[in-house]
Amino acid sequence: MYYNEMMDGAAVRAPYAMLSDWVATMPSEIRQMKQAEAEALFRRIGITFAVYGEGGDPDRLIPFDMMPRVFLQSEWRKLERGIKQRARALNAFLRDVYSRGEIIRAGRIPARLVYQNEAYEKAVVGFVPPRGVFSHIVGIDIVRTGRDEFFVLEDNCRTPSGVSYMLENREIMMRMFPALFRNNRIEPVDQYPELLRRTLASVAPAKCEGTPTVVILTPGHFNSAYYEHSFLANLMGVELVEGSDLFVDGGFVYMRTTQGPKRVDVIYRRIDDPFLDPLCFRKDSMLGVPGLMDVYRSGGVSIASAPGAGVADDKAVYTFVPEMIRFYLGEEPILQNVQTWTLWKDEDYKYVMANLKDLVVKEVHGSGGYGMLIGPKASTEEIEHFRKLIEANPGNYIAQPTLALSTSPTFVDEGIAPRHVDLRPFCLCGDRVELVQGGLTRVALRDGSLVVNSSQGGGVKDTWVLSE
Amino acid sequence: MLSRTAANLFWMGRHLERAETAARLLDVGARITLLPNTEEGYRNEWESLLRASGAQGPFAERYGDAITQENIESWLFFDCDNPSSVASCIEKAREGGRIVRTALTSQVWDALNTAYQELRQLRTASRAKLDMAMLTDFTTRHSSTVRGAINATQLRNDGWHFINLGYSLERADATSRLLDVKYFVLLPRVEFVGSGLDNYQWQVILRALSAHRAFHWAYGGDITAAKVADFLILNGESPRSLLTSLYEAVWNLDGLVRRYGDSAPATASVKARQVLESLMARDIEAIFDEGLHEFLTWFIGEISAVSNAVNEDYFSGRM
């Protein structure tokens, strides 16, 4: 019932032909040795992550599965067109809802969902960022259910994380199994940091003189994604700053350096909107830069993603993305949405409440696999508990069918076995819309599990796109 | 370079040097327990170690008056309540390194992170299986690896100068404090001056600075207070002498001044050069006439003034 990306009955599908031999001829001692080597490499490089509020080992590793996930060039081309189309539409939507709101006037999306959305930033209404781009890095989570059936599970327009895993998984695979890369024609992904730097430089404000100075703004080294922040800064050759390294003076943002203040033109921020500027948003924020928003609105600095970009990626607005594609681009969506019931609609509410045991219910603003109900896996008590939560605040929830997520071969004790996977590619939007051929594949390592989140027993894999 | 990055690199150097100092203290302790006891037995020698690290008070707060080998090991090596323990310093150096990952080569980070990971394993190991020699070897091995990686792979840029500035100022401070302790604590009664016990204690200082053999190469003959003091204060060949440490600090500050030109003030460099000149104008007789303790107090104050000037010149991000 699940689409197996490697096996078609007893036959091996085309993308995995080579890997199938590779696995078959690898002695299990070698495999264990390589697995230990991979783990040691991850730990030595320092790629670890902290799970919020979990305690325990602060330097936990995300489990890495050595079996790559493979796409044919023909499969990828379709995905790529669909991803870029979606990223363009999301940015068009953001441009629109912060100016005339044509899509709302046309009645294609309810005003309430946009203007009363927590992520809608009144502070930037009327402001158009350079090149009209709000979301410069769009992470689109995609699941597969059949040979040609791909669905978008959610969009991430703010600061999607995980790209460091895409890059490091590849590095480690190339280091451990060079022969695999010599014998296969695998599209590279390591140009991503350079593309990202170029994309960010391309949205420098008009007031920028000379080569734009780009920085990455991190909440600090206690953040679970700090490794990724420093990793990207390193590969891009830009400074990794904290809020306290920056200050505002005379309409510009400067960083404190050993040679005095240096002007900053583009800030790739990895902190959320409410923390950006204590003068504009949360007054108690110690992470941000006082006065930053004034400089931003007067065109003294660019911020990526733009404040307010989050209004395009919550789970309620998600249901309207196909409509956005039609409205702004005049095209039919290449990638489909997962069917979604919105619980503030009466008929949807009735249907969902009657079928909780078959559905996945999610909080509109939730993320990371928290605050969700997976009906088929839940006990009666869990379902009844969730029913009460929904009754109390129906507008806070959406429901989706349990998807038959495709499986990719994954190493287990006995060899390889199918495990469920998803995919997060990272689409870059600046003067051009670009996508490297690859992404982050997350895998649910537990047999039968459909939850791929790293905070809940998920792992990661290298993702290959074969060239022609 | 970001001011915060520079400050982190500087402190990374200081913490790495400080970890070595703590391990050196442990090592000398291990030797003392193997030698025939002096007047009050080894307990007294352990106590002098605590004083050498300026930690008598905090140690007593934590362990009472149980000055045992195990407690000293815990304090100087493992204890994170002791800001100068090996574990504290390696953790802080690694934390600093993690914050400025982008300013370090992967080899330096790798060496630093490996030290930290192995330290974590040591902590979970049974204490019965850890002897002192192993703990000191652990520290010197890792600190050599980190320093080797820094020297072999880091760009000779401003960051490199900040790391080495941290190392050299910390070393100048550590050597002068050890010397100062010798004068006032190891030698409580004035009639001991020049006695066999006195000379033995000067040897302890040499051991603490891993300078025992080097001293003999440089001077030969009997160990005398004047020779040891000369070796540790004014000898330009001795790697831990005040002169060498300060000279290295000046050299690194000059590197920064050359690199930054007019874009940053140079008060730290000017100050350090003054101290160096003043040091070079002395000989060891003059220092003993002036009073070793008085001299060291002056020197420690000057090092701290240089450190403050570095902070002012480069880390404040002045407008």
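User: How many residues of chain B are in contact with chain A, and how many of chain A with chain B?

Analyst: Keep in mind that this is a predicted model. Two residues count as touching if their C-beta atoms lie within 7 Å. Here 22 residues of chain B meet 19 residues of chain A.

User: Which helices of chain B each supply at least two residues of the side that touches chain A?

Analyst: Look for α1 (3-34), α5 (86-99) and α6 (106-124) of chain B. The largest share comes from α6(B), with five residues.

User: And what classes of residue make up that side of chain B?

Analyst: It's a mix: nine nonpolar, seven polar and six charged residues on the side of chain B that touches chain A.

User: Okay, what about chain B as a whole? How many helices and strands does it have?

Analyst: Chain B has 15 helices and zero strands. Of its 319 residues, 47% are buried. Then look at contacts in chain B with a separation of 6 or more: 71% of them link residues 24 or more positions apart.

User: Which domains is chain A divided into?

Analyst: A domain can be made of several stretches of chain, as the first one shows. Domain 1 of chain A covers 7-190 + 310-333 + 404-465, while domain 2 covers 340-401. Their centres, taken over C-alpha atoms, are 24 Å apart.

User: How many residues does each domain of chain A bring to the contact?

Analyst: Domain 1 of chain A gives 10 residues and domain 2 of chain A gives nine. On the domain 1 side, you'll find three nonpolar, four polar and three charged residues.

Methods: Residues numbered from 1 in each chain as written. Chains lettered and ligands numbered in written order. Predicted model: local features only at pLDDT ≥ 70, side-chain atom pairs only at ≥ 80, totals over all residues. Helix = DSSP H or I, 4+ residues; strand = E, 2+ residues; numbered from the N terminus. Buried ≥ 20, exposed ≤ 12 C-beta atoms within 10 Å, placed from the backbone. Domains from an automatic or database assignment. Nonpolar A, V, L, I, M, F, W, Y, C, P; charged D, E, K, R; others polar.
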